[in-house]
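Me: I would like to learn how to read helix packing, burial and backbone angles in a structure. Could we go through the features one at a time, with the general idea and then the case at hand?

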Amino acid sequence: MEPMNWGEGDTSYANNSGIQNAEQNRMKPMIEAAIIDLCTSTGTLFPRNMVIADLGCSSGTNALVLVSTAIEAIHSYCIQFQRQPPEVCIFLNDLPDNDFNMVIKSLVTLRKINEPIVVASVTPGSFYERLFTSGSLHLVCSSSSLHWLSKAPEVLTRNHIPAYNIDEHARHEMLPMIHEAYAQQFKNDFTHFLKLRAKEFLSGGRMVISITGRHSDGMDSKLFHIWESIVQILSVMALEGVIDKDKYDSFYMPMYGPSSKELREIIQEEGSFSIKEMVVRGLTSGADSALFTPKMYMCQMRAVFEPLIVKHFGEVMEEFMRTAERQWSLDGILRDHLARLTWLCVSLTKS
Ligand SMILES: C[S@@+](CC[C@H](N)C(=O)[O-])C[C@H]1O[C@@H](n2cnc3c(N)ncnc32)[C@H](O)[C@@H]1O
């Protein structure tokens, strides 16, 4: 697992995360509703203090969007109903190699809000491990992160089965097996994630997460995940001899986007959380179309995938960008690809 591109430069995640930010903005009503539920629930939950975490926060302004939404919702609720605001403890989580320096510098903006009292800190670690103490969490938010798997499926890596065969016929033949391996890995990871968080939540605690998914349950031989456009560019580079074919065959994206049905079934089968609301929306719907021009899309994909690509293939990014520009400028290719992609946003309650 690799973090996003560091810093504030031209290729940084901080400056190239508009697509993810658009989805964060669309998550806001669910987060506000979760806060109102938490504030109005009776018994132990009306909070003298509230613990809120963002999992997979990355760096840049997006890192604070979801927790700021929650803080503002608490503020509004307490003013409207004249309640004493709870003290709020914020945890921002990501992998240890994330650009936490940048996150820490931005935390002061949260402290500027006087009410409620907010204390904030970072929690480096994988969300596939325990991160918080038992029974401590009120609200967890996560955007564009939980489609990252803990690892690529071992059944593929151990047996050297290429996930993205260059040969179209072989790729088509193998697709059901590859798909099943990834689906199973996602199921294992997401089930494990829910079990871990279930220990960390208070009863009645809330979780609002959004991940990329796909429209249909079936498979087709064409692209259906956001990162497959990246793999397609790499396959062109392998065919043109720019990257080594063996290297290409041993490349696995540790990501999976489920259908809404699949996600619902995993949550229900695991059983610790009930689904309050699930929304499926097109990746581009309601977002500024300027984010999806070939050039903008390329920069945003680079900010996410460069560390993973460079780690596996070496310094190939300039050639990658040239090939992507050539491919994605072909009429219709990017549009067709984007039309297949969805966000799955789900609001959960800890039983
Ligand atoms: C595309 S970024 C999303 C950042 C931000 N939430 C947003 O919406 O813009 C995905 C983030 O998930 C993080 N991530 C991936 N796997 C993770 C894991 N197992 N534990 C914690 N963070 C992880 C990555 O490091 C990355 O920063």
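**Reading the packing of helices and single residues**

Reply: In this predicted model, Ala183, Phe186, Lys187, Phe190, Thr191, Leu194 and Lys195 of helix 6 meet Glu262, Leu263, Ile266, Ile267, Glu269 and Glu270 of helix 9. Sorted by character, the residues of this contact between helix 6 and helix 9 comprise seven nonpolar, one polar and five charged.

Me: At what angle do the axes of helix 6 and helix 9 cross?

Reply: Two packed helices are described by the angle between their axes and by the distance between those axes. Here the axes of helix 6 and helix 9 cross at roughly 45 degrees and come within 10 Å. Helix 6 and helix 9 are therefore oblique to each other, and their crossing is right-handed.

Me: Which residues of helix 9 are buried?

Reply: Burial is judged from relative accessible area, with under 20% counted as buried and over 50% as exposed. In helix 9, which spans residues 260-270, the buried residues are Glu262, Leu263, Ile266, Ile267 and Glu270. Viewed down the axis of helix 9, these buried residues fall within an arc of 130 degrees, so they line one face of the helix. On the other side of helix 9, Gln268 and Glu269 are exposed.

Me: What covers the buried residues of helix 9?

Reply: The cover includes helix 6 (168-200) together with strand 5 (201-214), strand 6 (273-282) and strand 7 (341-350). As for the chain beyond the helix, helix 9 is followed by glycine 271, which has a positive phi near 90 degrees.

Me: Which residues other than glycine have a positive phi here?

Reply: Most residues other than glycine have a negative phi. Against that background, glutamine 82 has a positive phi of about 50 degrees although it is not a glycine, and histidine 160 likewise has a positive phi, near 50 degrees. Glutamine 82 is placed in the loop between helix 2 and strand 2 (87-94), while histidine 160 is found in the loop between helix 5 (154-157) and helix 6.

Me: Are glutamine 82 and histidine 160 buried or exposed?

Reply: Glutamine 82, at 74% relative accessibility, counts as exposed, and histidine 160, with a relative accessible area of 66%, is exposed as well.

Me: How would I read the packing of helix 1 and helix 2?

Reply: One again takes the angle and the distance between the axes. Helix 1 (residues 18-40) and helix 2 (residues 62-80) pack at an angle of about 35 degrees, their axes being 9 Å apart, and helix 1 passes helix 2 in a right-handed crossing. Among the residues that make this contact are Gln24, Lys28, Ile31, Glu32 and Ile35 of helix 1, and Val65, Leu66, Thr69, Ala73 and Tyr77 of helix 2. The residues of the contact of helix 1 with helix 2 divide into eleven nonpolar, seven polar and two charged.

Me: What does threonine 69 touch?

Reply: For a single residue, it helps to take its place, its burial and its contacts in turn. Threonine 69 lies in helix 2 and, at 5% relative accessibility, counts as buried. Not counting residues up to four places away in sequence, threonine 69 touches Lys28, Ile31 and Glu32.

Me: How should I read glutamine 185 and arginine 197, which lie in helix 6?

Reply: Glutamine 185 is buried, with a relative accessible area of 9%, and arginine 197 is buried with a relative accessible area of 0%. Glutamine 185 and proline 153 are 32 residues apart along the chain, yet their C-alpha atoms are separated by 5.8 Å. Once residues up to four places away in sequence are set aside, glutamine 185 touches Leu149, Ser150, Lys151, Ala152, Pro153 and Glu154. Arginine 197 and phenylalanine 127 are 70 residues apart in sequence and 8.8 Å apart in space, C-alpha to C-alpha. Leaving aside neighbours within four places in sequence, arginine 197 is in contact with Leu55, Phe127, Glu129, Arg130, Leu131, Met207 and Phe273.

Me: Where does methionine 321 lie, and which residues are in contact with methionine 321?

Reply: Methionine 321 lies in helix 11 (residues 317-328) and, at 10% relative accessibility, counts as buried. Apart from its neighbours within four places in sequence, methionine 321 is in contact with Met298, Cys299 and Arg302.

Note on methods:
Residues are numbered from 1 along each chain as its sequence is written. This is a predicted model: local features need pLDDT of at least 70, side-chain atom pairs count only at pLDDT 80 or more; totals for chains, interfaces and linings use all residues. Side-chain values use heavy atoms; hydrogens and water are left out. Buried means under 20% relative accessible area, exposed over 50%, partly exposed in between (1.4 Å probe, protein chains only). Helices (H or I, at least four residues) and strands (E, at least two) are DSSP runs, numbered from the N terminus. The arc is that of the directions from the helix axis to the C-beta atoms. Contact means heavy atoms within 4.5 Å. Axes are lines fitted to C-alpha atoms, for helices over the stretch in contact, and angles run from 0 to 180 degrees between N-to-C directions. Angles under 35 degrees count as roughly parallel, over 145 as roughly antiparallel, 65 to 115 as roughly perpendicular and the rest as oblique. A crossing is left-handed if the near helix is turned anticlockwise from the far one by less than a right angle, and right-handed if clockwise. Ala, Val, Leu, Ile, Met, Phe, Trp, Tyr, Cys and Pro count as nonpolar, Asp, Glu, Lys and Arg as charged, and the others, Gly among them, as polar.
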